[in-house]
Amino acid sequence: MARAGQNGQGSGRGSSAPDAAFDLWLQRGLHEMFDDVMREPIPDELLRLIKQEPGTGG
């Protein structure tokens, strides 16, 4: 996972260890904040909207 403004290509300076450490920190933080939300069931109304064919309007 590249930070904003980076294209995943090496810049030729330094090592990738700081980037790997940042990625690990970010991943753990996101999991800590959002794992509970991801375990919640999807509301029926939202599922209905997702399954609805485009252009049917309801």
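How many helices and how many strands are there in the protein? Switch your viewer to cartoon style and count: you should find 2 helices and 0 strands. Keep in mind as you look around that this is a predicted model.

**Stop 1: the whole chain**

Show the surface before picking out any residues. The protein has 58 residues, and 2% of them count as buried. Its accessible surface comes to about 5,500 Å², with 57% of that belonging to carbon and sulfur atoms.

**Stop 2: an aromatic pair in helix H1**

Now select phenylalanine 22 and tryptophan 25, and show their side chains as sticks. The structure holds 1 aromatic pair, and these two residues make it: their ring centres are 5.7 Å apart. Stacked, edge-to-face or tilted: which word fits their planes? The planes sit at 40°, so the pair is tilted. That follows because stacked needs planes under 30 degrees apart and edge-to-face needs over 60.

Trace the backbone between the two. Phenylalanine 22 and tryptophan 25 are 3 residues apart in helix H1, so about one helical turn separates them. Their exposure is worth checking too. Phenylalanine 22 has a relative accessible area of 26%, which makes it partly exposed. Tryptophan 25, with 59%, is exposed.

**Stop 3: a nonpolar patch**

Stay with helix H1, which covers residues 17-39, and select Leu30, Met33, Phe34, Val37 and Met38. Together they form a nonpolar patch on the surface, with about 520 Å² of accessible area.

Click on methionine 33, a member of this patch that is found in helix H1. Is methionine 33 buried or exposed? Its relative accessibility is 54%, so methionine 33 counts as exposed; the cut-off for that word is over 50%.

**Stop 4: salt bridges around arginine 39**

Time for some charged side chains. The count comes to 3 salt bridges, and arginine 39 is a good place to begin. Select arginine 39 together with aspartate 35: their side chains meet in a salt bridge, at 4.0 Å from N to O. Both residues lie in helix H1, 4 residues apart, or about one turn of the helix.

Next, add aspartate 36 to your selection. Which residue does aspartate 36 form a salt bridge with? The partner is arginine 39 again, and here the closest N and O atoms are 2.9 Å apart. Aspartate 36 and arginine 39 are 3 residues apart in helix H1, so they too are separated by about one helical turn.

Color these residues by exposure if your viewer can do that. Arginine 39 is exposed, with a relative accessible area of 61%, and aspartate 36 is exposed as well. Aspartate 35, at 27%, is partly exposed.

**Stop 5: over to helix H2**

Move along the chain to helix H2, residues 44-51, and select arginine 48 and glutamate 45. These two form a salt bridge, with their closest N and O atoms 2.7 Å apart. They lie 3 residues apart in the helix, about one turn. Arginine 48 is partly exposed, with a relative accessible area of 39%. Glutamate 45 is partly exposed too, and its value is 46%.

Before you close the viewer, go back to the salt bridges of helix H1 and select Asp35, Asp36 and Arg39 in one go. Salt bridges with shared partners join these residues into one network. The shared residue is arginine 39, which pairs with aspartate 35 and also with aspartate 36.

Definitions and conventions:
Residues numbered from 1 in each chain as written. Predicted model: local features only at pLDDT ≥ 70, side-chain atom pairs only at ≥ 80, totals over all residues. Heavy atoms only, no water. Patch = residues over 30% accessible without salt bridge, like charges linked within 9 Å, V, L, I, M, F, W, Y side chains within 5 Å. Areas by Shrake-Rupley, 256 points an atom, 1.4 Å probe, with all protein chains shown as cover. Buried < 20%, exposed > 50% of the residue type's maximum accessible area, 1.4 Å probe, protein only. Phe/Tyr/Trp six-rings, centres within 6.5 Å; stacked < 30°, edge-to-face > 60°.
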